[in-house]
Structures are given as C-alpha cells and as structure tokens.
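This report describes packing, enclosed space and backbone geometry, residue by residue where that helps. The sequence and the coordinates are shown first, and the text then turns directly to the backbone.

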Amino acid sequence: MNIRTTKNWELPESAVTAESIYRLRNRRDFLKAAGVATAGLLMPRALFGATGGFPAKENPLYPASALKPTPYELVTSYNNFYEFGLDKDDPKQNAKNWKTEPWTVELAGLINNSGKFDVNDLIAKMGGIEGRVYRHRCVEAWSMVVPWDGFALAKLVTLADPKAEAKFVKFTSFNDPKNVPGQRQPNLDWPYVEGLRLDEAMNELAFIATGIYGKALPNQNGAPLRLVTPWKYGFKGIKSIVKIEFTAKQPANTWNVMAANEYGFYANVNPKVDHPRWSQASERIIGGGFAGKKATLMFNGYEKEVAGLYQGMNLSRYY
Ligand code: MTE
C-alpha cells in the first residue's frame, strides 16, 4: 500500500467512462445488448452458466439507487493486489492469464464442519448470490462505490458451525510463486492473510464477493472469491481466498505484520484517527475528477450497522 509514493490515483480522463454496464443488470437487457436472441450458447459461463448463480438479485437494503457506483472500467483497472505488482494498473495486466478455476476453499480450525469445498458447490450451499452496493474506502485515502455480488459471510460461518472456543476467523490467500510474479518478490509476507473477530464476521455487512457488476470477479479484483467489510479499510478485504480458519487467538494480518504502527488489526474507517503519515479526514473519489473529494464518514457510513461491535473500545488504540 505504501511501499511506493507515486500518485497512483491520478488517472487520465479517458479512464473515466459511463456506468452503462451496470444498468444492464437485468438478464434480458444483457442479451439484447450482446445481440443474442437465445440464452446460453454464446454467453460466457460466468454470466449465465450453471455455476456462479448470475445474475444476482439486488439486496434492497444496499441498492445501487442509494450510492452511485464507480464505473466498471475503474473498479477493474485501479487495484491493489501486490501479488501482481505494486502499481494500480499492474493487477489487471499481470493477473490476466492466471488460472482461478477450478478453485477450492478449505474450512478449518475450531469448527464442527471442516472440509474442502469447490467454490461453486460452496455458492450453491450458500443458497446462491445476491447483489449489494457498498462504499469501498482504502487506507490510502481514496474511495469508490462497488456493486458486489456474493453471499453474507454469516452464512458461511453458520455452515462451518464454530465451536464455543472459536473467537476469530483467519483468512488465507493463495500461495503460487511459480505463476504469480509478485510472490517471487519479498514485498510482503506471502501468502496474504487477514482476520476478523467472530462477531465482526457474523455482522450483516460482512460479505464474501464472487462478482461485481453482475459478472464473476475479474482476477484483479480477487477471483474467485474475496472478503468485503465495507466499514473497514480495503486491506481487510483479502482476495482470492483458499482457507478460512476459526481460531481462539487473534490471527496475524499481513499489513500489520508489515508495519504495525501504520496498519492495525481492526482497520475501521475513522476520520479522527489519522494514518501516521497522512490524514484520514477526507478521501479522493476515484473517477471524481479534481473536485472529487469528500469528508470521510465514521465506519465509512455504516455506523448504524457496526458501532455496537466496538462499544467501549478505544478506537485510537485499536486502529
Ligand atoms: N488481497 C491480496 N491477496 N493481496 C493484496 O495485495 N490488497 C488489499 C485488498 N486485498 C490485497 C488484497 C488492499 S490494500 C485493498 S485496498 C483491496 O484489496 C483493493 O481491492 P480492489 O483492488 O478490488 O479495489
């Protein structure tokens, strides 16, 4: 995140395009737009195949009408994914041919239902997917609005069936240095790991994304599944998860290991707790042009949903 200091957010005007794609949520519109009269045959599997469950129905609690989604082109070309490079446009280029199918996720640790699950079987077990439009705020002080598809993390916790001793959830990303250039560099400790308290994982907002804009997640956004915790800084949103483990002790998280005084375990968005090297009081809106700045919201605007999780905690200490 801050290994480099180049101004990655300075995007050319040409990168900012209309949000027309998102308006095509509805399947018939998709077909019309693609010039296809009959379903199935010519369509990519990720859109209409037996797997993935697309298109998802929008969850009315988190609709696109409440927040203006950032254009698809920007969400998929301005990324942090250090396994594929340090610059914002590296992941799109370098992850292009990386293979994410088939993909297995392991549930492990202090649970009654451990095992390995094919990602598509897991989605089916979750009862399919839904769409949620969330704010997305990086610790680097930029923000987007992303229409995710996926399922509530709470459903997966229920499937895992934690034992009483389980207090935390640890997430581990893949380790594939042979095929992934960034993992041959010692920029971070590989594989990327993250964690949540179990009650945070059970919060209604915590989400496992399998898509954006009604399509399977592009590799650069963390295919085939990644964590989304919209009240926290984006580095909590671990991409391309291979293992979810339930633990009694607080697990390590990669950026905290990298620089503990700069990146905490909690990483809750908080305009009053600055990063040691920059203010968190405001944020740049990606695609917002030169005027695209706004005040940072407590818990990124999700105070109602999550403030109860941190009652009585000193949020400057537990940053
Ligand atoms: N997950 C992995 N495995 N590797 C990473 O480098 N970067 C994190 C997070 N998840 C990262 C990761 C950071 S710093 C952010 S801000 C978000 O992913 C960015 O998600 P986006 O590219 O979809 O916007």
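Ser240 sits in the loop between β10 and β11 (241-247), and in this predicted model its phi is near 45 degrees, a positive value in a residue other than glycine. With a relative accessible area of 0%, Ser240 is buried. A second residue with this kind of backbone angle is Ala267, which is not a glycine and yet has a positive phi of about 55 degrees. Ala267 belongs to the loop between α8 (254-258) and β12 (282-285), and because its relative accessibility is 2%, under the 20% limit, Ala267 counts as buried.

Two cis peptide bonds also fall to be described. One joins Glu101 and Pro102, with omega about 0 degrees, and the other joins Ala223 and Pro224, with omega about -5 degrees. Glu101 is placed in the loop between α4 (90-94) and β2 (104-109), and Pro102 is likewise found in the loop between α4 and β2, whereas Pro224 has its place in the loop between β9 (215-216) and β10. Glu101 counts as partly exposed because its relative accessibility of 45% lies between the limits of 20% and 50%. Across space, the C-alpha atoms of Glu101 and Asp118 are 9.6 Å apart, while 17 residues separate the two in sequence.

Pro224 is also one of the contacts of Thr210, a residue of strand β8 (residues 207-212) that is buried, with a relative accessible area of 5%. Leaving aside residues up to four places away in sequence, Thr210 touches Phe54, Ile123, Ile129, Asp149, Gly150, Phe151, Lys215, Ala216, Leu217, Pro224 and Leu225.

The packing of nonpolar side chains can be taken next. In soluble globular proteins, nonpolar side chains tend to be buried together. The largest nonpolar core here has 86 residues, and those that touch the most other members are Trp148, Leu153, Phe171, Trp231, Ile244 and Phe246. The element that gives the most to this core is strand β5 (residues 142-152), with six residues. For Leu153, the contacts beyond four places in sequence are Phe171, Leu196, Ala201, Ala206, Phe207, Ile208 and Leu227.

How many cavities of 30 Å³ or more does the structure hold? There are two cavities of that size, and the table sets out their volumes, their linings and the residues that lie nearest their centres.

| Cavity | Volume | Lining residues | Nearest the centre | Citation |
|---|---|---|---|---|
| Largest | about 330 Å³ | 25 residues | Asn80, Phe81, Arg226, Gly234 and Lys239 | |
| Second largest | about 90 Å³ | 13 residues | His136, Val228, Thr229, Lys232 and Gly234 | |

By residue class, the lining of the second largest cavity consists of five nonpolar, four polar and four charged residues, and the elements that give two or more residues to this lining are β4 (130-137) and β10 (226-228). The lining of the largest cavity divides into 15 nonpolar, seven polar and three charged residues, and β5 gives the most to this lining, with four residues. Strand β5 thus appears twice in the account, as the element giving the most to the largest nonpolar core and as the element giving the most to the lining of the largest cavity.

Phe81, one of the residues nearest the centre of the largest cavity, also takes part in an aromatic pair. The structure holds 20 aromatic pairs. The rings of Phe81 and Phe84 have centres 4.9 Å apart and planes at 75 degrees; this angle is over 60 degrees, so the pair is edge-to-face. Both Phe81 and Phe84 are buried. In the pair of Phe265 and Tyr266, the ring centres are 5.4 Å apart and the planes stand at 90 degrees, which is again over 60 degrees and therefore edge-to-face. Phe265 and Tyr266 are both buried. These two residues belong to a cluster in which ring pairs link Phe168, Phe265, Tyr266, Phe299, Tyr310 and Tyr318.

Note on methods. Residues are numbered from 1 along each chain as its sequence is written. This is a predicted model: local features need pLDDT of at least 70, side-chain atom pairs count only at pLDDT 80 or more; totals for chains, interfaces and linings use all residues. Side-chain values use heavy atoms; hydrogens and water are left out. A nonpolar core is a set of buried Ala, Val, Leu, Ile, Met, Phe, Trp, Tyr and Cys residues joined through side-chain atoms within 4.5 Å. Buried means under 20% relative accessible area, exposed over 50%, partly exposed in between (1.4 Å probe, protein chains only). Contact means heavy atoms within 4.5 Å. On a 1 Å grid over the protein atoms alone, a cavity is a set of points where a 1.4 Å probe fits but cannot get out, and a pocket is an open set with protein on both sides within 12 Å along at least five of seven lines; lining residues have an atom within 4 Å of a point. Grid points are joined across faces, edges and corners, and a volume is the space filled by probe spheres set on the points. Ala, Val, Leu, Ile, Met, Phe, Trp, Tyr, Cys and Pro count as nonpolar, Asp, Glu, Lys and Arg as charged, and the others, Gly among them, as polar. Rings of Phe, Tyr and Trp (its six-membered ring) pair if their centres lie within 6.5 Å; planes under 30 degrees apart count as stacked, over 60 as edge-to-face and the rest as tilted.
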